[in-house]
Amino acid sequence: MQILVVGSTGVVGRAVCRHLVSAGHTVRALVRASSDPATVRELAESGIETVAGDLADPGSVASACAGTDAVVSTATAISSQQPGDSLFTTDREGQLGLVDAAVAAGVRRFVFVSVLGLEPNSPFSEAKLAVEARLRASGLTYTIVQPSIFMDTWLSHHVGFDTDGASAVIYGDGTRPLRWVHSSDVAEIVAAALDAPAAENAVVPVVGPEALTPHQVVEIFEEVTGRSFTRNQVPAEHLEAQRAAAEHPTEQSFAALMLRYAAGDPDDVEPVEGLPAAHTTVEQYARRLTGA
Ligand SMILES: NC(=O)c1ccc[n+]([C@@H]2O[C@H](COP(=O)([O-])OP(=O)(O)OC[C@H]3O[C@@H](n4cnc5c(N)ncnc54)[C@H](OP(=O)(O)O)[C@@H]3O)[C@@H](O)[C@H]2O)c1
């Protein structure tokens, strides 16, 4: 299959590209003028065609879709934004335009990466839900991948989980279990979804192998590092006030994602048969991170 990957320079997108090449697919990666040059070079050196484009530029998206059998989109502006980027132009209008461009170009298959358990309470989640709805109505054979929260994002210093400093920010009271998943497992499942009949016209939840509360996660890190962690809890009411008062869409969306973490995962989610299962445990991640 000839597959266009949008988000190819991101954490999940890069790994998806590697899996697709290994599976014998021909991969075209959408990259931007502002994308990290080393990452773009790495993609090109692994036999991937890189095409310049931007979700905010509909003409470039239409050209990128032309001649492809499938589109995979992992792109988002939630965690890193170049000047001019916004959740509105990327996650909402950009992704909606990508679905429309795929239809117009006669693409057969579309895999979209969303998030598990979103509420329509922020520009980010509303954008994801709008794209999911557009895809369902598009006539494309779609897969909506809904991962739980990534351990390599939410157990990292970016969100206050400081392994070196032995301190952890916990969103909410830390008692609701989450099925922490590693981004590399998500990428493997996204790539596999393209060839899996069970993933056609389906929502694919992607959850890690264990349900662990944030406090249990901290205990694992304490055991692996042999250090006692300081725990700083941010009450859900505080996060809700932050979400309600936020003036910037990204700030509001982050507060909503922290609330999503605080709420825990639904307890009735099971992986889809016929796809690889996410296998990385929090303990394996902690050992990898610390070299223990
Ligand atoms: N982190 C979590 O806990 C979590 C949980 C569930 C689901 N997810 C979802 O997983 C997906 C992948 O996340 P990730 O960690 O791989 O994200 P990431 O590393 O931040 O990568 C984002 C990608 O989107 C691209 N992008 C941004 N704006 C663009 C635009 N206007 N046009 C084209 N490309 C654009 C970026 O390109 P540049 O390099 O050019 O900026 C980059 O390739 C996202 O959809 C996210 O919502 C994440």
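## Elements around the largest pocket

Five helices and strands, α1 (11–22), β2 (26–31), α5 (123–136), α6 (151–154) and α10 (249–263), each contribute at least two residues to the lining of the largest pocket. The model described here is a predicted one. Among the contributors, α1 gives the most, with 4 residues.

The volume of the largest pocket is about 1,300 Å³. Its lining comprises 46 residues, and those closest to the centre of the pocket are V11, T74, T76, I78 and S79. Sorted by class, the lining of the largest pocket contains 20 nonpolar, 18 polar and 8 charged residues.

## Helix α1

Helix α1 consists of 12 residues and spans 17 Å from its first C-alpha to its last, close to the 16 Å expected at 1.5 Å a residue. V12, G13, A15, V16, C17 and L20 are the buried residues of α1. An α-helix has 3.6 residues a turn, so residues three or four places apart point the same way.

The buried residues of α1 pack against three strands and two helices: β1 (2–6), β2, β4 (70–73), α2 (37–45) and α7 (183–193). After α1 comes G24, which has a positive phi, near 90 degrees.

## Cysteines C17 and C65

The number of disulfides in the model is 0. C17 takes part in no disulfide, and the nearest cysteine sulfur, that of C65, lies 15 Å away. For C65, likewise in no disulfide, the nearest cysteine sulfur is that of C17, at 15 Å. A disulfide would require the two sulfur atoms to be within 2.5 Å.

Both cysteines are nevertheless shielded from solvent in this analysis: C17 is buried with a relative accessible area of 0%, and C65 is also buried, at 0% relative accessibility.

## Strand β4 and residue A70

A70 belongs to strand β4, one of the elements against which the buried residues of α1 pack. A70 counts as buried because its relative accessibility is 0%, where the limit for a buried residue is under 20%.

Apart from neighbours within four places in sequence, A70 is in contact with M1, Q2, I3, L4, V107, R109 and L194. A70 and D91 are separated by 21 residues in sequence and by 19 Å in space, C-alpha to C-alpha.

## Residues T163 and S167

T163 occupies the loop between β7 (161–162) and β8 (167–171). T163 is buried, with a relative accessible area of 10%. Its contacts, leaving aside neighbours within four places in sequence, are F221, T225, R227, F229, L289 and T290.

S167 is located in strand β8. With a relative accessible area of 18%, S167 is buried, since the limit is under 20%. Beyond its neighbours within four places in sequence, S167 is in contact with G160, F161, D162, F229 and T230. F229 thus appears among the contacts of T163 and among those of S167.

## Internal cavities

The structure contains 2 cavities of 30 Å³ or more. The largest cavity has a volume of about 60 Å³. I189, V204, P205, V206, V207, P271, V272, L275, P276, A277 and A278 form the lining of the largest cavity. Strand β9 (residues 202–206) supplies the largest share of this lining, 3 residues. By class, the lining of the largest cavity has 11 nonpolar residues, no polar residues and no charged residues.

The second largest cavity has a volume of about 40 Å³. Its lining residues are W154, L155, F161, V169, I170, P214, V217, V218 and Y261. β8 and α8 (214–225) each provide at least two residues of the lining of the second largest cavity, and the largest share, 3 residues, comes from α8. This lining divides into 9 nonpolar, no polar and no charged residues. F161, one of the residues lining the second largest cavity, is also among the contacts of S167.

Conventions: Residues are numbered from 1 along each chain as its sequence is written. This is a predicted model: local features need pLDDT of at least 70, side-chain atom pairs count only at pLDDT 80 or more; totals for chains, interfaces and linings use all residues. Side-chain values use heavy atoms; hydrogens and water are left out. On a 1 Å grid over the protein atoms alone, a cavity is a set of points where a 1.4 Å probe fits but cannot get out, and a pocket is an open set with protein on both sides within 12 Å along at least five of seven lines; lining residues have an atom within 4 Å of a point. Grid points are joined across faces, edges and corners, and a volume is the space filled by probe spheres set on the points. Ala, Val, Leu, Ile, Met, Phe, Trp, Tyr, Cys and Pro count as nonpolar, Asp, Glu, Lys and Arg as charged, and the others, Gly among them, as polar. The expected span of a helix is 1.5 Å times one less than its number of residues. Buried means under 20% relative accessible area, exposed over 50%, partly exposed in between (1.4 Å probe, protein chains only). Contact means heavy atoms within 4.5 Å.
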